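The following paragraphs lead the reader through a structural model, moving from its salt bridges to its interior and then to one of its chains.

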Amino acid sequence: MSPSILAQDPTLADFGRDPWWLVLGKIVFAFAFGLLATLLGVWFERRVVGYMQVRPGPNQVGPFGLLQTLADGLKMAFKEDILPKAADKVVYFFAPTISVICAVTALSVVPFGPMVSIGGHHTPLQVTDVPVAVLLLLACSSMGVYGIVLGGWASGSTYPLLGGLRSSAQMISYEVAMGLSIVAVFMTAGTMSTSGIVAKQAHGTQLSIGGFDLPAPGWYAILLLPSFVIFFIATVGETNRAPFDLPEAESELVAGFMTEYSSLKFALFMLSEYVAMVTMSAVTTTLFLGGWRAPWPITLWEGANSGWWPMLWFFGKVIALVFVFVWLRGTLPRLRYDQFMRFGWKVLLPINLVWILVLSGLRSIEDWDSRGKLIAVGIPAGILLIATLFWPNRRPQPKPTTQEQVDSRPYGSFPLPPMDLQVPPSPRITRVVAEREPANIVAGSDSREV
Amino acid sequence: MTTSTVLAAAGGVSGGEEVTFWILAPLALIGAIGMVAARNAVHSALWLVLTMLCLGVFYILQAGPFIGMVQIIVYTGAIMMLFLFVLMLVGRDASDSLIETLRGQRVAAILLGLGFAGLVGSAVYNAMDKTTAVGLDQANAEGNVQGIARLLFTKYVFAFELTSALLITAAVGAMVLAHVERRKQDKVDQVSTMKARFAPGNYPGPKPGPGVFATSSSVATPARLPDGQLTERSTPDILPVRELTAQETTLKGTDR
């Protein structure tokens, strides 16, 4: 890696040196990114889900229906703003704003790109960075729960309250899984600042296959695959997206916590959901997919990781992740609530803990000589292998055929018709067709289909 | 390297720090007062959230970014959320009734509060009096997070473990108290429910209505089972089964 590219990596010392207009510009950019991502994100989701369901999706307003969300938003603004009589007025008003503020604030520590030069200032493409930036992200997502819970409570009716309760339990449980999967990233990167984590993912190991040196990506998505998978699942749970959209399960809770909301307040909830989706995609990109760094084939080009280009790679990765969110929604049915909770606490959490244990074990034997390493890894692996080999076999018995099941029924069971029962065709079917036929001919000749 | 301008430089008080303090300190106080004064339990919890958030920002201002964030994530995000959860379950109209349920509760509360304040105050005074501050530069020499981690896992590891043992004991105790244990053989899974349903002697479905697949639509005509035999269960028990007399079967002369 040449020093010119290394210099592109911002360190913590590079932050907090900008003039006020640059800071303001960056904040406005991050905010506009969130809003624009919502506008396009809703359109993107509806088009993609439409494609998956073999229908066109919104295609009337603007080119490719791009302005559909804008039109919907404008319409929403002119709707009547209903304040329920039983609502707690102040809390009812503040709940959507809390949601939006928390979702947008998280964007402030997401690195969009390396050091660039704006108006003569050498500055990183990131609003700010602190030594505990990832914790700031966690704090934002945990404060975002308040918006939903308070919205549900303040509405003063049952469905929103149930939705709020569900979401608080859900988001707290999945935050645990999320925080634990970030632990692996901390351990590997040795830092909690987002720009630092991106910088640590720059150097992958060199794979030499047949004489060629292939640079394997240093992405934590590959190094820490279990953490990545769990983190992404927890992200889906944290943003209340399908298949984990239980707080707003329409078949059970009407619209969950936002049942009573209308007009702009409802729009704010929608906004926060989509901003949170984009933010979480950006965070996943930053923590696991190398942030703004170009993926492998592009890195063959020297200037891929400098200047303004990295922003393009970053947006590409974010859009790919948003596509996965939409894909999940288009594919998977909603989980039942108890299954969902069991999945979070009994599957994700134990796997995560074991994985962290294994990872820290591997890291602590890093400095040993190769023989020690072999013993330390080989003996537990061997025990595990033997245990799986000799584990009592619980293969299910072959399923009996229907006839065997019928024969094995005890005497006095409910009587069944014979298995080879031939059902004769109903005499009525032919009659109906014969009667209808002339009517169709008449209708075809002198009347047109409307 | 570790001190960005967000964090106060150790020693002097910067302008930004002062401005933030004077904005947030009144807010923190208002939150504390509101917490005590609010009639509604959820409002009270929300005021406390405000205070905790302000405290979190204060920690960050005092060059303790880690503890500030942990304050927000753990206390505001998780613990207060659990409080809210319980309060919401209790019901939204759970307002205070200003009737003392325990005699002399207020006096005792004031006395105990004063005593606690005195204890904390004297402890802080003693700690400040006898120790010499080395300054943040030395404490944060290898980074704020690393410094805390080193202390937690070396000097205070026993206290740390003891606290977690206490928490786990509390959690296990809560589970023992709240969890209703059901014996394994009492649990009926879906397969055995179905087996019991289709066992001999138990009718698996809704009873067939009288007259179903029968030669007559009379309610007194028994239905036929799938294999063709008649079932007596389809006719209501209260129907008297009797033969009609000749008088009853003759025409009444109304069809003329």
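How many salt bridges does a search of the whole structure find over all chains? The model discussed here is predicted, and in this model the search returns 8 salt bridges. Three of these pairs are taken up in turn below.

The pair Lys265(A) and Asp81(A) forms a salt bridge in which the closest N and O atoms are 3.2 Å apart. This pair links distant parts of the chain, since Lys265(A) belongs to helix α11 of chain A, while Asp81(A) sits in the loop between α3 (68-77) and α4 of chain A, 184 residues apart. The two partners can also be described by their accessibility. Lys265(A) has a relative accessibility of 11% and therefore counts as buried, the cut-off for that class being under 20%. Asp81(A), at 40% relative accessibility, counts as partly exposed.

Helix α11 of chain A also contains Glu273(A). A salt bridge joins Glu273(A) to Arg241(A), with the closest N and O atoms 3.7 Å apart. Because Glu273(A) lies in helix α11 of chain A and Arg241(A) in the loop between α9 and α10 (250-253) of chain A, the pair ties together parts that are 32 residues apart in sequence. Is Glu273(A) buried or exposed? Its relative accessibility is 13%, so Glu273(A) counts as buried. The description extends to the partner, as both Glu273(A) and Arg241(A) are buried. When residues up to four places away in sequence are not counted, Glu273(A) touches Thr239(A), Asn240(A), Arg241(A), Glu248(A) and Met258(A).

A further salt bridge is formed by the side chains of Asp338(A) and Arg342(A), at 3.9 Å from N to O. Here both residues lie in helix α14 (residues 337-364) of chain A, 4 residues apart, which is about one turn of the helix. Asp338(A) has a relative accessible area of 35% and is therefore partly exposed. Arg342(A) likewise counts as partly exposed, because its relative accessibility is 47%. Elsewhere, salt bridges that share partners join Glu45(A), Arg241(A), Glu273(A) and Arg329(A) into one network.

The nonpolar interior comes next. In soluble globular proteins, nonpolar side chains tend to be buried together. The largest nonpolar core of this model has 103 residues, and Tyr146(A), Leu287(A), Phe288(A) and Leu84(B) touch the most other members. Which helix gives the most to this core? The answer is helix α5 (residues 133-154) of chain A, with 16 residues. Leu84(B) brings chain B into the picture: with residues up to four places away in sequence left aside, Leu84(B) touches Tyr146(A), Val149(A), Leu150(A), Val42(B) and Ala45(B).

The model also encloses empty space. There is 1 cavity of 30 Å³ or more in the structure, and about 350 Å³ of space lies in the largest cavity. This cavity is lined by 29 residues, with Ala103(A), Met171(A), Glu238(A), Ser272(A) and Ala276(A) lying nearest its centre. The elements that give two or more residues to the lining are α4 (89-105), α5, α6 (158-189), α9 (225-238) and α11 (263-288) of chain A. The largest share, 8 residues, comes from α5(A), the helix that also gives the most to the largest nonpolar core. By class, the lining has 19 nonpolar, 7 polar and 3 charged residues.

Chain B is considered last. Its secondary structure comes to 9 helices and 2 strands, and along the sequence these elements follow the pattern α-α-α-α-α-α-α-α-β-β-α. Of the 256 residues of chain B, 21% count as buried. Among contacts in chain B between residues at least 6 apart in sequence, 43% join residues at least 24 apart.

One residue of this chain illustrates an exposed position. Val188(B) is found in the loop between α7 (157-178) and α8 (190-197) of chain B. Why does Val188(B) count as exposed? The reason is its relative accessibility of 59%, given that exposed means over 50%. Val188(B) and Glu232(B) are 44 residues apart in sequence, and their C-alpha atoms are 31 Å apart in space.

Terms used: Residues are numbered from 1 along each chain as its sequence is written. Chains are lettered from A and ligands numbered from 1 in the order in which they are written. This is a predicted model: local features need pLDDT of at least 70, side-chain atom pairs count only at pLDDT 80 or more; totals for chains, interfaces and linings use all residues. Side-chain values use heavy atoms; hydrogens and water are left out. A nonpolar core is a set of buried Ala, Val, Leu, Ile, Met, Phe, Trp, Tyr and Cys residues joined through side-chain atoms within 4.5 Å. Buried means under 20% relative accessible area, exposed over 50%, partly exposed in between (1.4 Å probe, protein chains only). Contact means heavy atoms within 4.5 Å. On a 1 Å grid over the protein atoms alone, a cavity is a set of points where a 1.4 Å probe fits but cannot get out, and a pocket is an open set with protein on both sides within 12 Å along at least five of seven lines; lining residues have an atom within 4 Å of a point. Grid points are joined across faces, edges and corners, and a volume is the space filled by probe spheres set on the points. Ala, Val, Leu, Ile, Met, Phe, Trp, Tyr, Cys and Pro count as nonpolar, Asp, Glu, Lys and Arg as charged, and the others, Gly among them, as polar. A salt bridge is a side-chain nitrogen of Lys or Arg within 4 Å of a carboxyl oxygen of Asp or Glu.
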